[in-house]
Amino acid sequence: MASHHGRYSRSFCLFEKITAMKKNVLFGVLMCGILPLWAASPYVSRVFEFVPAPGQFVNLLPAYDSADNAEAMLAKVNDCLVGKANGTVLTLGAWGGYVVVGFDHTIANVADAYDFQINGNAFSNNTEPGVVMVSVDENGNGLPDDTWYELAGSEFGKSTTLTNYEVTYYRPSVEKEAATGNITDYIRWKDNRDSTGFVAKNTFHTQSYFPQWIAADSLVFKGTRLPNNGVKSSTGSYTQLTSFAFGYADNAPNNSEGAQFKIEWAVDDLGQAVQLAGIDFVKIYTGVLQDNGWTGECSTEVSGVVDLHTPTALPDYQTSSVLIYTAGQQLTVENSFDEPIQIFTISGVCVAQSPAVKQASFQIATPGFYLVKIGNAVQKVMMRW
């Protein structure tokens, strides 16, 4: 991923020049020229982590080769998602399996609007909901190593939803790996609530369900466990996987509102709402721990993540210019168009704002990273003195 100095937010191209001035005051100039250097992609620019839990499509989506290590598999997952609205489907396996993605810009939190979409392969009565988390690049290093916030979907806070949940999956024996057919006691799991169970093997997928590029004998996942969503069909021959109301990946068809998400749903570890001006990373993990009989375990699938505020084609106002000056504690924004300007801390606290204007100056009390929001565009700025 490009560093924060090279990010492009919505219609703003950007570069930064830092020049030392008298008394060691740093003066930063961030500007957009008449010709854009590059355009922000609305799609994933990098997959940082891919750790599926055991499942019937693991080692198939994407396909594992005996020569593949973790780096090779991560490259395959990048091929699935990077630069694509709806790329090749990848599986996250049973509960807890996850993927972490990032973008070449900050996705803005736009009031009363959906901010991004997650594509999967859900359809009516066949949904495998995944929990969605978001993060801000607080330290500016371009890596998802900062605080994560869960998006509070419709099941948040219900007695049937388990928080601080943990599951350990154990690598199966050589004999069970080699066996085919329906193996109900295939991959054993144990949670932190004194419950145990198995990820079963079925006759349709006979490969190993344990991720083969991971050498460990067990895998541990932590997070929120959603309630089971399986309902037996009227004939009892299969399990219908019903949708939750909102807020989960692979929980609704891609062409529906149910596949879209709002950053304003974010909550912290204590379940308290947080205000984020924008996000840089998204984590998705399978949220349901459920065996569905002959159709296999619930396993969230992902085929793309899309910023809903970044256009796929450059708009007419692409040639507009933006200047952001920092000198000491003063931050000045100049814009070709009248746009509301807001200054946020990385944690989402608005410390200054102006109505729709072409220029505004703000006094910043504390050094550090800030998010400058100009209309629906967001740019990160370092304030130093």
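## Salt bridges

Glu-155 is a buried residue, since its relative accessible area is 7% and buried means under 20%. In this predicted model, the acidic side chain of Glu-155 takes part in a salt bridge with Lys-158, where the closest N and O atoms are 3.3 Å apart. Lys-158, on the other side of that bridge, is partly exposed, with a relative accessible area of 41%.

Side chains of opposite charge can pair when their charged atoms come close. A search of the whole structure finds six salt bridges, and two others among them can be described here. Lys-76 and Asp-68 meet through their side chains at 2.5 Å, from N to O; Asp-68 is buried at 13% relative accessible area, whereas Lys-76 counts as partly exposed at 27%. Lys-176 and Asp-185 also form a salt bridge, with 3.4 Å from N to O; here Lys-176 counts as partly exposed at 25% relative accessibility, and Asp-185 counts as partly exposed at 32%.

## The protein as a whole

The protein has two helices and 24 strands. Of its 385 residues, 53% are buried, and the accessible surface comes to about 16400 Å², of which 53% belongs to carbon and sulfur atoms.

How many of the contacts between residues at least 6 apart in sequence join residues at least 24 apart? The share is 71% of those contacts.

## Aromatic pairs

A pair of aromatic rings is described by the distance of the centres and the angle of the planes. The count for this protein comes to 14 aromatic pairs. In one of them, the rings of Trp-95 and Tyr-165 have centres 5.0 Å apart and planes at 85 degrees, so the pair is edge-to-face, given that planes over 60 degrees apart count as edge-to-face. This pair links distant parts of the chain, 70 residues apart, with Trp-95 in the loop between strand E4 (90–91) and strand E5 (98–108) and Tyr-165 in strand E9 (residues 162–170). Trp-95 counts as buried at 0% relative accessibility, and Tyr-165 is buried with a relative accessible area of 1%.

Tyr-98 and Phe-221 form an aromatic pair that is edge-to-face, with 6.3 Å from centre to centre and 80 degrees between the planes. This pair, too, links distant parts of the chain, for Tyr-98 is in strand E5 and Phe-221 is in strand E12 (residues 218–225), 123 residues apart. Tyr-98 and Phe-221 are both buried.

## A cluster and two charges over rings

Tyr-114, Phe-116, Phe-246, Phe-261 and Trp-265 form one aromatic cluster. Tyr-114 also has a charged neighbour, as the charged end of Lys-262 sits over its ring, 4.9 Å from the centre.

Which residue lies over the face of Tyr-209? Lys-201 lies there, at 6.0 Å from the ring centre.

## A nonpolar patch on the surface

Phe-204, Tyr-238 and Trp-294 make a nonpolar surface patch of about 360 Å². One of these residues, Tyr-238, is placed in the loop between strand E13 (230–232) and strand E14 (239–241).

Why can Tyr-238 be part of this patch? Tyr-238 is partly exposed, with a relative accessible area of 36%, and patches are made of residues with over 30% relative accessible area, so this condition is met.

## Backbone details

The peptide bond from Leu-61 to Pro-62 is cis, with omega near 0 degrees. Pro-62 lies in the loop between strand E3 (46–51) and helix H1 (70–81).

Asn-164 has a positive phi of about 50 degrees, although it is not a glycine. Asn-164 has its place in strand E9, and the residue is exposed, with a relative accessible area of 66%. Asp-194 likewise is not a glycine and has a positive phi, of about 65 degrees. The position of Asp-194 is in the loop between strand E10 (183–191) and strand E11 (196–201), where Asp-194 counts as exposed at 72% relative accessibility.

Terms used:
Residues are numbered from 1 along each chain as its sequence is written. Side-chain values use heavy atoms; hydrogens and water are left out. Patches are made of residues with over 30% relative accessible area and no salt bridge: like charges are joined within 9 Å, nonpolar side chains (Val, Leu, Ile, Met, Phe, Trp, Tyr) within 5 Å. Accessible areas come from the Shrake-Rupley method with a 1.4 Å probe; for residues, only the protein chains shown count as cover. A salt bridge is a side-chain nitrogen of Lys or Arg within 4 Å of a carboxyl oxygen of Asp or Glu. Helices (H or I, at least four residues) and strands (E, at least two) are DSSP runs, numbered from the N terminus. Buried means under 20% relative accessible area, exposed over 50%, partly exposed in between (1.4 Å probe, protein chains only). Contact means heavy atoms within 4.5 Å. Rings of Phe, Tyr and Trp (its six-membered ring) pair if their centres lie within 6.5 Å; planes under 30 degrees apart count as stacked, over 60 as edge-to-face and the rest as tilted. A charge sits over a ring if NZ of Lys or CZ of Arg is within 6 Å of the ring centre and within 35 degrees of the ring normal.
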